[in-house]
Structures are given as C-alpha cells and as structure tokens.
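Q: I have a structure to look at for class and am not sure where to begin. Could you go through it with me?

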Amino acid sequence: MLDDKEVDAVLIASPHHLHAEMAIGAAKAGKHILLEKPMAPTVAACDAINAAVAKGGVKLMVAHLMHFAPPCMAARQILEEGELGRPLAGSSWIIKLWMEHNRRDWHLRKATGGGMLLTAGIHAVDRLVWLMDDDVVSVSGMLGAKFHDQEADDSALLGLRFAGGGIGQVQSVGYRTGATTYAMDLVCERGTLRIDMDRGTMLGRETVWTELPGSFEPNWMHNALVREWSAMRDAIADDTPSAGRRHLCAQDHRHYRGCLRVERNPPRTRDRRWTLTSTTIWPACPHTHRAASGAR
C-alpha cells in the first residue's frame with residue numbers, strides 16, 4: 001500500500017506498540033498520517049515519529065475525538081472568549097466497561113502499550129490538558145489492575161500540576177460491571193463548567209447552572225469522528241498546517257505521553273494491584289497548547 005501512488009494518506013489504528021514503525025514507514029513513503037491515539041507508548045517513539053514526519057514533509061494528526069465533540073468545543077469557545085478567566089482546577093474522568101467486545105490480548109499487556117489509561121483514559125488526560133490550556137510540569141499517580149486479572153492497568157488516578165499554577169486530576173477506570181460516566185469539572189476564576197459527553201456542557205455562576213446552547217449532540221461519538229476525518233482531509237487538500245484550533249498536534253501528544261510515563265521500578269502499596277508513581281518533573285515543552293496545530 002505504501003508503494004501505491006494513488007494512496008495519499010493512511011489511517012493507523014493498529015496495536016499501540018506498532019504505531020511508531022508504521023507511522024515512520026508511512027512518512028518515508030510520503031503518505032499523510034492520521035494516527036489513532038495514543039501516538040506511541042514511549043516519548044522516544046513519539047520523537048522518532050515527529051522526526052520522520054518533518055523529514056518526509058507530510059501531515060500528521062493524532063486522533064482525539066474530544067476536540068471535535070460539541071461539549072468540549074462549547075467549553076473551549078467560552079474559555080477562549082475570556083468570560084470565565086483562567087481555569088485554575090480541573091477534574092476529568094472516564095469510567096467505563098473495560099472488557100468490551102473489541103478488547104484484545106494486547107490491550108492487557110504493558111509491552112504492547114495496553115491498559116485502560118493509554119487505551120481510553122488518555123481521552124480524560126487530553127480533555128483536561130487541552131481545556132486547562134497550559135503545560136504540565138509534574139505528575140503523580142497510582143495505577144494498577146483492580147478489577148481484572150491482567151498485567152496492564154485497568155484503573156488509574158493521576159494528579160497534575162500546571163506551569164501557571166493550576167491543578168488537575170484524572171480518573172481512568174475500566175470496571176467489570178457498572179455504568180459509564182464520561183465527564184469533567186473545570187473551575188475558573190469567574191465561574192465553573194461541567195462538561196458531560198452525554199448531556200452537554202453547563203455553565204455555573206452565582207449557584208445557578210445554565211446549559212450552553214449547542215453543546216449537546218446525540219450520537220456525538222460518530223459525529224465527532226466524521227469531523228475529525230474531515231478536518232484531516234481538508235488540511236491535506238488545502239495544504240494548511242491546521243484546519244482549526246480544535247486539533248491535537250503530534251507535539252501535544254508527545255507532551256501527554258510524557259505526562260503518563262512512570263518509573264521502571266516504582267514502589268508498590270500493600271495492595272499489590274496498585275503501583276505508586278513518584279512525581280515526575282520535566283521542563284515545559286517548547287510548544288504551546290494555545291496555538292495547537294492539528295496537522296503538520
């Protein structure tokens with residue numbers, strides 16, 4: 001397929017540990033790339049992809065639906081208008097069934113980039129960092145397999161500290177049985193936002209909640225996917241670095257992957273199913289989320 005001159009772009013939705021090899025091969029072949037999240041299991045692999053894309057002169061977008069879903073889009077818009085001031089604290093979560101019909105063995109192993117956090121919980125990380133609109137300077141957390149007998153995590157709790165002083169937390173839980181919750185609270189200087197993927201976005205002021213118009217959409221996941229693919233198509237057709245500010249660029253995702261890294265031999269709690277990750281601090285990335293370019 002990479003040798004086919006009629007193929008302009010590829011969608012890579014393979015097991016996570018294969019992303020780098022396939023994306024680098026596509027870039028070398030001159031193919032534009034829509035790469036499913038996570039970009040890759042390691043920061044080094046993300047760097048290798050970025051280098052190949054830059055050398056090949058192709059466009060790369062890491063696929064994150066949150067940037068194309070009305071609840072998040074409405075929240076981003078009101079934040080950009082400045083009416084609420086800066087976001088100071090955020091809590092983002094995805095709590096869902098882990099053993100869905102499409103779950104595969106590689107999802108359960110660390111070596112293949114599996115686990116709930118990288119597979120689905122990264123949506124909650126992405127949403128938090130995107131809407132806080134700041135670089136992460138430290139992360140701490142606990143993760144492990146609480147509900148299933150597997151090597152990779154099915155549960156994680158993360159704490160994030162941002163360069164501008166903001167704080168955030170992420171819950172990523174893949175339960176055995178329950179009901180899905182997929183939402184976020186954002187506390188700003190002059191108001192609060194509740195972003196619920198199945199109900200829309202609410203603005204809180206003076207103890208009163210008000211629904212943001214146009215923030216709810218039935219079948220939002222399918223429609224967000226259509227917008228995502230359309231944005232990539234338009235960026236290629238128009239030869240633009242970005243089809244809009246709601247995209248996630250590869251450098252952003254490299255930053256997210258850095259947020260999720262853990263020590264090789266982290267300490268364990270008495271409950272062997274939990275692993276503690278020590279706080280990791282690194283310099284702020286040179287890019288800025290405020291000018292995120294979804295395709296490059």
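The chat below goes from the whole chain to a few strands, then to one lysine, and ends with the confidence values.

Q: What kind of model is this, and how many helices and strands are in the protein chain?
A: This is a predicted model, and its protein chain holds 6 helices and 12 strands.

Q: What share of the residues is buried?
A: Of the 296 residues in the protein chain, 53% are buried. The accessible surface of the chain comes to about 13800 Å², and carbon and sulfur atoms account for 54% of that surface.

Q: And what part of the contacts joins residues that sit 24 or more positions apart?
A: If you take the contacts in the chain with a separation of 6 or more, 71% of them are between residues 24 or more positions apart.

Q: Okay, strands now. Which way do β4 and β8 run, and how many bridges join them?
A: Strand β4, which covers residues 87-97, and strand β8, which covers residues 181-188, run antiparallel and are joined by 8 bridges. To find one place in this pairing, look for G90, which stands opposite L186 in β8.

Q: What does β8 do with β9?
A: Strand β8 is also joined to β9, residues 191-196, by 6 bridges, and these two strands run antiparallel. A hairpin of 2 residues leads from β8 to β9, and within the pairing D185 stands opposite R194 in β9.

Q: Switching topic: where is K37, and is it buried or exposed?
A: K37 is in the loop between β2 (32-36) and α2 (43-56). K37 counts as buried because its relative accessible area is 13%, while the cut-off for buried is under 20%.

Q: So what does the side chain of K37 have beside it?
A: A polar atom of the K37 side chain lies 2.2 Å from the backbone oxygen of T119. Along the chain K37 and A13 are 24 residues apart, and in the model their C-alpha atoms are separated by 8.2 Å.

Q: Last thing, what is the mean pLDDT, and where is the pLDDT below 50?
A: The mean pLDDT of the protein chain is 86, with 81% of the residues reaching 70 or more. Over residues 242-249, however, the pLDDT is below 50, and this stretch has 36 contacts in the model beyond near neighbours in sequence. Residues 278-296 also have a pLDDT below 50, and that stretch has 70 contacts beyond near neighbours in sequence.

Key:
Residues are numbered from 1 along each chain as its sequence is written. This is a predicted model: local features need pLDDT of at least 70, side-chain atom pairs count only at pLDDT 80 or more; totals for chains, interfaces and linings use all residues. Side-chain values use heavy atoms; hydrogens and water are left out. Two strands pair if DSSP finds at least two bridges between them. Helices (H or I, at least four residues) and strands (E, at least two) are DSSP runs, numbered from the N terminus. Buried means under 20% relative accessible area, exposed over 50%, partly exposed in between (1.4 Å probe, protein chains only). Contact means heavy atoms within 4.5 Å. Accessible areas come from the Shrake-Rupley method with a 1.4 Å probe; for residues, only the protein chains shown count as cover. A polar contact is a pair of N or O atoms within 3.5 Å; within protein, one must be able to donate a hydrogen and the other to accept it, and residues adjacent in sequence count only if both atoms are side-chain atoms. pLDDT is the predictor's confidence in each residue, from 0 to 100.
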